[in-house]
Amino acid sequence: MTDAQGFDALAGLSSNPEAAAPAEPKIDAQGRAYATGKRKNAIARVWIKPGKGQITINGRDQAIYFARPVLRMMIAQPLEVTDRLGQFDVTVTVEGSGLSGQAGAIRHGLSKALTHYEPGLRPVLKPHGFLTRDSRVVERKKYGKAKARRSFQFSKR
C-alpha cells in the first residue's frame, strides 16, 4: 500500500466522530435523562422527563428557590434556545457555592441532559456555550496580601 492510497483512505474519514454515527439517547427506565452540571463550587444533578414544564430545585419550586428573575431566566435559556420550554419536567438537586454559581451549574446540567435526551439538540446548544463548563473559580488568597492580589494599604509613616 502506497502513501497516496493511505491518505485517500484517511481523507474519507471525518474528523468529527459525531458526524459519522448519530448518538443514541441516554434515557433510564423511568424515561428520564440525567446529567451533572458544574460552575464555581456548585454541583447540580439534573433529571429531565417529558412533562408540563415544572422545574423543581432541591424539592422547591424554582420561583421560591431563585427569587431573582435573572437566575430563573438563566436556567430557562437552554429550553428557550431549543424551543422546548414547557415540554420537560426538570428535577434538580444542587449544592455548594452561592445562588449565581448554582444557577450556572443547573444551566450546564440541563443543557447536557437535553443532549442526552435528544442528541440532535447538541448543534443548537453548542454555539451558545451551554455545554462548556465555565472553569473560572475563585483565586486563592496569597500570604503577605489582604486578598488574592490586593496588597495592604501602604503608609510612609
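## Salt bridges and a nonpolar core: worked exercises

Glu139 is partly exposed, at 38% relative accessibility. Keep in mind that you're working with a predicted model.

**Exercise 1.** Which residue does Glu139 meet in a salt bridge, and how far apart are N and O?

*Solution.*
- Step 1: Recall the cut-off, a Lys or Arg side-chain nitrogen within 4 Å of a carboxyl oxygen of Asp or Glu.
- Step 2: Try Lys142; its side chain and that of Glu139 have N and O 2.6 Å apart, and they meet in a salt bridge.
- Step 3: Check the partner's surroundings. Lys142 is partly exposed, with a relative accessible area of 25%.
- Background: side chains of opposite charge can pair when their charged atoms come close.

**Exercise 2.** Work out which residues are joined into one network by salt bridges that share partners.

*Solution.*
- Step 1: Start at Arg39, whose side chain forms a salt bridge with that of Asp134 (3.5 Å, N to O). This pair links distant parts of the chain: Arg39 sits in strand β1 (residues 33-39), while Asp134 lies in the segment after α6 (122-125), and they are 95 residues apart.
- Step 2: Look for another bridge at Asp134. Arg136 makes one, with the closest N and O atoms 2.8 Å apart.
- Step 3: Put the pieces together: Arg39, Asp134 and Arg136 form one network.

**Exercise 3.** Sort each member of that network: is it buried, partly exposed or exposed?

*Solution.*
- Step 1: Arg39 has a relative accessible area of 14%. Buried means under 20%, so Arg39 is buried.
- Step 2: Asp134 comes out at 25%, which counts as partly exposed.
- Step 3: Arg136 reaches 55%. The cut-off for exposed is over 50%, so Arg136 is exposed.

**Exercise 4.** Which element gives the largest share of the largest nonpolar core?

*Solution.*
- Step 1: Find the core. It has 29 residues, and those touching the most other members are Val46, Ile48, Ile57, Phe66, Val92 and Ile106.
- Step 2: List the elements that give two or more residues: β1, β2 (42-50), β3 (55-57), α4 (69-81), β5 (88-95) and α5 (99-117).
- Step 3: Pick the top contributor. That's α5, with seven residues.

**Exercise 5.** Which residues is Val92 in contact with, leaving aside its neighbours within four places in sequence?

*Solution.*
- Step 1: Set those sequence neighbours of Val92 aside.
- Step 2: Read off what's left: Ala44, Arg45, Val46, Thr56, Ile57, Asn58 and Ile106.

Notes
Residues numbered from 1 in each chain as written. Predicted model: local features only at pLDDT ≥ 70, side-chain atom pairs only at ≥ 80, totals over all residues. Heavy atoms only, no water. Helix = DSSP H or I, 4+ residues; strand = E, 2+ residues; numbered from the N terminus. Buried < 20%, exposed > 50% of the residue type's maximum accessible area, 1.4 Å probe, protein only. Core = buried A, V, L, I, M, F, W, Y, C linked by side-chain atoms within 4.5 Å. Contact = heavy atoms within 4.5 Å.
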